[in-house]
Amino acid sequence: MSALDGNHDAGLHSHGDTHGHGSRKSYLIGFALSVVLTAVPFWLVMTGVLADVQTTVLLVIALAFVQIVVHTVFFLHVTTKAEGGWTLMALIFTAVLIVIVISGSLWIMYHLNSNMMPMTAGAMPPSP
Amino acid sequence: MSTHALNAGEADATFYLAEEEDHDHAGGDGGTMLGFWIYLMSDALIFATLFATYGVLSTSYAGGPAPRQIFELPLVAVNTAMLLLSSITFGMGMIEMEAGRTRAVQAWLAITALFGIAFVGIELHEFAGLIAEGATPQRSAFLSGFFTLVGTHGLHVTVGLVWIAVMLVQVGQRGLVPENKRRLMCLGMFWHLLDVVWIGVFTFVYLLGVLR
């Protein structure tokens with residue numbers, strides 16, 4: 001019994017040490033990556049080095065997504081192991097909802113005007 | 001956990017008890033960390049709806065100012081640096097917490113709070129400047145969406161600052177007991193998530209707003 005309990009404790013300790021927090025090194029790597037991923041988009045927009053605005057927009061959006069992943073891994077410590085994988089599952093579910101809410105709203109609202117029935121002059125409210 | 005003369009029912013009961021012990025032993029963070037994470041995910045959904053609202057309204061200027069005319073990117077860059085620095089200083093605090101050094105944890109928490117205060121201060125300065133120029137939330141749908149989204153984030157940071165102050169008092173009174181460690185880990189997740197939301201704000205509101 002006591003031998004079994006000993007094993008049990010050892011298992012729990014190793015469990016407690018591996019989840020939920022990172023090492024100093026992982027925080028510093030995350031910080032260094034974040035600084036670069038923040039500085040580059042600001043530099044791109046503030047100096048306007050790229051003549052093509054469309055390319056700048058796409059680059060800035062791509063860098064933001066990379067930085068969100070960096071923060072999630074290095075600062076929030078979401079891994080497949082943490083909390084038996086449930087934090088990752090909740091995060092994926094939330095990410096799907098966020099994509100639906102944002103892209104759905106933009107899709108509907110940007111097409112709303114063109115899909116409305118045309119208003120005749122008689123149906124318009126009198127101008128003040 | 002003797003192996004003889006156990007029927008299936010007793011074996012089940014033993015297994016269940018062992019699992020309970022597991023939960024108690026993990027620094028009291030049994031379901032709390034996952035539960036707090038699910039709260040954070042619901043908070044992320046609040047921000048998602050505000051981002052969606054801002055996205056829909058972001059070109060409805062009503063003859064008022066456009067982003068290019070009112071956003072000052074150098075100020076936003078400083079603000080972003082404040083929040084990013086506060087994230088790494090909180091991380092350093094968490095490492096000291098693991099090492100059990102109470103004074104160092106308090107010092108890093110205080111530094112984190114200073115960066116947070118600087119962030120909120122700069123944001124309030126920006127808001128005051130906008131309102132003085134006449135770019136108030138009532139001016140256009142774009143500005144209503146802007147103030148709601150950025151203001152909600154600022155409010156979250158302010159709540160985080162109050163929480164840091166509370167933790168400074170609690171750690172000062174009781175040290176790094178398991179309850180305080182658990183609270184600090186929740187606060188850390190909250191603080192880092194606000195930094196993640198800010199990535200969305202500076203990218204989609206400020207940088208892409210100025211490019212439009």
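Which helix gives the most to the lining of the second largest cavity? The exercises below concern a predicted model, and the first of them takes up this opening question.

**Exercise 1. Describe the second largest cavity, beginning with the search that finds it and ending with one residue of its lining.**

Solution. Step one is the search of the whole structure, which finds two cavities of 30 Å³ or more. Step two is the volume, and here about 50 Å³ of space lies in the second largest cavity.

Step three turns to the lining, which includes Phe90(B), Met94(B), Val105(B), Trp108(B) and Leu184(B). Helix H4 (73-99) and H5 of chain B each supply at least two residues of this lining, and it is H4(B) that gives the most, with five residues. Sorted by class, the lining of this cavity holds seven nonpolar and three polar residues, and no charged ones.

Step four picks out Thr89(B), which belongs to the lining and has its place in helix H4 of chain B. Thr89(B) has a relative accessibility of 7%, and because buried means under 20%, this residue counts as buried. As for its position relative to another part of the chain, the C-alpha atoms of Thr89(B) and Tyr39(B), which are 50 residues apart along the chain, are separated by 24 Å.

**Exercise 2. Work out which elements and residues form the lining of the largest pocket.**

Solution. Begin with the volume of the largest pocket, which is about 1,100 Å³. Its lining is made by 35 residues, and those that lie nearest the centre of the pocket are Phe65(A), Ile68(A), Ile98(A), Ile102(A) and Phe204(B).

Next, assign the lining to helices. In chain A, helix H3 (53-74) and helix H4 (86-115) each supply at least two residues, and in chain B helix H2 (32-57) and helix H7 (178-211) each do so as well. The element that gives the most to this lining is H4(A), with eleven residues.

Then consider the classes of residue, of which the lining of the largest pocket has 27 nonpolar, seven polar and one charged.

Finally, bring in the domains of chain A, which the domain assignment gives as domain 1 (22-77) and domain 2 (81-113). The lining of the largest pocket draws at least three residues from each of these two domains, whose centres, taken over C-alpha atoms, are separated by 21 Å.

**Exercise 3. Place H3(A) within its chain, and then test whether its span agrees with its number of residues.**

Solution. Chain A has four helices and zero strands, and from the N terminus on its elements run α-α-α-α. Of the 128 residues of this chain, 28% count as buried.

For the test of the span, H3(A) has 22 residues, and at 1.5 Å a residue these should span 32 Å; the end C-alpha atoms are 31 Å apart, and therefore the two values agree.

At the start of H3(A), a side-chain oxygen of Asp52(A) reaches to within 3.3 Å of the backbone nitrogen of Gln54(A). Along the helix, the buried residues include Val57(A), Val60(A), Leu63(A), Gln67(A), His71(A) and Phe74(A).

Beyond this helix, the loop between H3 and H4 of chain A contains Glu83(A), a residue other than glycine whose phi is nevertheless positive, near 50 degrees.

**Exercise 4. Apply the test of the span to H5(B), and then examine Gly129(B), Gly134(B) and Ala62(B).**

Solution. Helix H5 of chain B runs over residues 102-132, and its 31 residues, at 1.5 Å a residue, should span 45 Å; the end C-alpha atoms are 45 Å apart, so the expected span is matched.

Within helix H5 of chain B is found Gly129(B). Because the relative accessible area of Gly129(B) is 30%, this residue counts as partly exposed. The C-alpha atoms of Gly129(B) and Val166(B), 37 residues apart along the chain, are separated by 31 Å.

After H5(B) comes Gly134(B), with a positive phi near 95 degrees. A positive phi is also a feature of Ala62(B), at about 55 degrees, although this residue is not a glycine. Ala62(B) has its place in the loop between H2 and helix H3 (67-70) of chain B. With a relative accessible area of 58%, and because exposed means over 50%, Ala62(B) is exposed.

Technical notes: Residues are numbered from 1 along each chain as its sequence is written. Chains are lettered from A and ligands numbered from 1 in the order in which they are written. This is a predicted model: local features need pLDDT of at least 70, side-chain atom pairs count only at pLDDT 80 or more; totals for chains, interfaces and linings use all residues. Side-chain values use heavy atoms; hydrogens and water are left out. On a 1 Å grid over the protein atoms alone, a cavity is a set of points where a 1.4 Å probe fits but cannot get out, and a pocket is an open set with protein on both sides within 12 Å along at least five of seven lines; lining residues have an atom within 4 Å of a point. Grid points are joined across faces, edges and corners, and a volume is the space filled by probe spheres set on the points. Ala, Val, Leu, Ile, Met, Phe, Trp, Tyr, Cys and Pro count as nonpolar, Asp, Glu, Lys and Arg as charged, and the others, Gly among them, as polar. Domain bounds come from an automatic or database domain assignment. The expected span of a helix is 1.5 Å times one less than its number of residues. Buried means under 20% relative accessible area, exposed over 50%, partly exposed in between (1.4 Å probe, protein chains only). A polar contact is a pair of N or O atoms within 3.5 Å; within protein, one must be able to donate a hydrogen and the other to accept it, and residues adjacent in sequence count only if both atoms are side-chain atoms.
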